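Me: I should like to go through this model and ask, for each term applied to it, what justifies the term. Please set the values against the definitions as we proceed.

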Amino acid sequence: MPDHAPFVSIESLRFGYGPRPLLQDVTLHVPRGSVVALMGGSGSGKTTLLRLLGGQLRAQSGRVVFDGQDVGALAREALYRMRRRMGMLFQFGALFTDLSVFENVAFPLREHTRLSDRMIRDLVLMKLDAVGLRGAAGLMPSQVSGGMARRVALARAMALDPPLLMYDEPFAGLDPISLGTIAHLIRNLNDALGATSIVVTHDVPETFAIADRVYLLGEGRVVASGTPAELRASSDPYVAQFLHGARDGPVRFHQPAPSIARDLGIPS
Amino acid sequence: MIDAVARIGERALGRLAGIGHGARFFARLLAVAPSALARPRLVVEQLHFIGNRSLSIIAVSGLFVGFVLGLQGYYTLQRYGSAEALGLLVALSLVRELGPVVSALLFAGRAGTSLTAEIGLMKAGEQLAAMEMMAVDPMRRVLAPRFVAAVIAMPMLAAIFSAIGIVGAWGVGVQLIGVDAGSFWSQMQSGVDVFKDVGNGVVKSVVFGFVCAFVALYVGHEARPTPEGVSRATTTTVVASSLAVLGFDFILTALMFGTD
């Protein structure tokens, strides 16, 4: 595998839950070692894209390639082997509510390795320390805040030192301090672990501060891509609307509907 | 007209797809169930959760069903002057029918619902999806140990139900009413066959264990990941597993005792 080949690439991917395609024709590349952000409004198929990457959904056409492997073509066993090399942070952490913080982080280690309890304990404490929560090891998930839960989930996602980390809306619903903490962690862990990260989000400032490359999704396609600086300088109306959060633009404020006069029964 | 036919066709296809989906789920659950035995700790944990916590309701119900059987059985039998057959009557009713069936119904209400709610909420919290992404198959790690534990717990609970029921009937019949203790026990001993009566009762409760566990896990796994979806799913579990237990009971009874 030549090193300049992208670590993850998506090629003319098409996918939809019903008859209407959610993703029509998406092509993107994630270079090894980079932090790439997938941005777009709610319902633009960002999270779906992560599920396709993890093989939880299968593309209708096109390919998803992870480190040279076609994800969609893998059988169950091979898919599970591949997933050991991926870590995913779910939107609300998805911690196992019946296990303590410590046991949550220990879970992948216990399932996939035959390490001794002592070794697992040391590894878990190291991972928790990396996210600053060694002191919370004994708590239950119900006892930690939303931001802390996400950091625990991050420690769990990187328990097996996966070469690819995926983040599903890591900033959603966090207070400003937690938000900065998570953004900082994503960048630092990526560089410290020599991993590659894909961040799905719609928070512009945090993302632009940490991403190497940004893909902007809309209408089932990639509408713009580039470094944060390139996107900021872009004159594309969609990019401009998204970055500045304008109410109306290429993305309409109103859902398409018959005229309000007709809906309210007012003769025009 | 064409529309109506099309709608019927669509419904039928949807139903068939549902049945196929359920059957595949069951087949996969059966296929991975033995692997749960390789991790006995997970099964024991669930056995404690499912079995031990159903014990009190099973024991109390068994006792009262025994009381009532003792009373009703005595009133009917003494009209024909055969009150000493009370032990036999009670033991056969419990071991063949009431033990397996009533404990399965109670089990569906007590343990089935909690399994459904647990799986449904795990799904709603994306815990099952997270497990898949950690390359851990939830079918093996979460569902299989619960399934195996339920199938093991069911016959044990039914046996406890029957045993306590017999003690209850003894309390009412022998201690309270004064049926002769010797004939109460000896008639029971000579009239109950280990294989035909007790054995078939055990077979029934194993089948009920499969039914209740499958329904509870499947319904929980397919629940819509919302509060309303989970609450609906728990109701479905009670209704579906109760009906299934009653239906299977009739079929099994006809097969086992039909050609006497």
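Reply: Let us begin with the word "domain": domain bounds come from an automatic or database domain assignment. The model itself is predicted. For chain A, the assignment gives domain 1 (1–85 + 162–181 + 192–227) and domain 2 (93–161). The C-alpha centres of domain 1 of chain A and domain 2 of chain A lie 24 Å apart.

Me: How many residues of domain 1 of chain A are in contact with domain 2 of chain A, and what makes them count as such?

Reply: Two residues are in contact if their C-beta atoms lie within 7 Å. By this criterion, 10 residues of domain 1 of chain A are in contact with eight residues of domain 2 of chain A. Helix α6 (residues 176–193) of chain A supplies the largest share of the domain 1 side, three residues. By class, that side has five nonpolar, three polar and two charged residues.

Me: Why is the largest nonpolar core said to lie between the two domains of chain A?

Reply: The core has 143 residues, and those with the most contacts inside it are A:Met166, B:Ala150, B:Met154 and B:Cys212. Domain 1 and domain 2 of chain A both give residues to this core, so it lies between them. As for B:Ala150, leaving aside its neighbours within four places in sequence, its contacts are B:Ile50, B:Ala111, B:Gly209, B:Cys212 and B:Ala213.

Me: What makes the span of α3 (residues 55–79) of chain B close to the one expected?

Reply: The expected span is 1.5 Å times one less than the number of residues. Helix α3 of chain B has 25 residues, for which 36 Å is expected, and its first and last C-alpha atoms are 36 Å apart; the span is therefore close to expectation. Its buried residues, among them B:Ile58, B:Val65, B:Leu69 and B:Tyr74, pack against α4 (86–124) and α6 (138–177) of chain B. Just after this helix, B:Gly81 takes a positive phi of about 65°.

Me: How do you know that the buried residues of α4(A) are on the same side of the helix?

Reply: A residue is buried if 20 or more other C-beta atoms lie within 10 Å of its own; in α4(A), the buried residues are A:Val124, A:Lys127 and A:Leu128. They cover an arc of only 95° around the axis, which puts them on the same side of α4(A). These residues pack against α3 (101–112) and α5 (146–157) of chain A.

Me: Which exposed residues does the face of α4(A) turned away from its buried side carry?

Reply: That face carries A:Arg118, A:Met119 and A:Asp122.

Technical notes: Residues are numbered from 1 along each chain as its sequence is written. Chains are lettered from A and ligands numbered from 1 in the order in which they are written. This is a predicted model: local features need pLDDT of at least 70, side-chain atom pairs count only at pLDDT 80 or more; totals for chains, interfaces and linings use all residues. A residue is buried if 20 or more other C-beta atoms lie within 10 Å of its own, exposed if 12 or fewer, and partly exposed in between; C-beta atoms are placed from the backbone. Helices (H or I, at least four residues) and strands (E, at least two) are DSSP runs, numbered from the N terminus. The arc is that of the directions from the helix axis to the C-beta atoms. A nonpolar core is a set of buried Ala, Val, Leu, Ile, Met, Phe, Trp, Tyr and Cys residues joined through C-beta atoms within 7 Å. Ala, Val, Leu, Ile, Met, Phe, Trp, Tyr, Cys and Pro count as nonpolar, Asp, Glu, Lys and Arg as charged, and the others, Gly among them, as polar.
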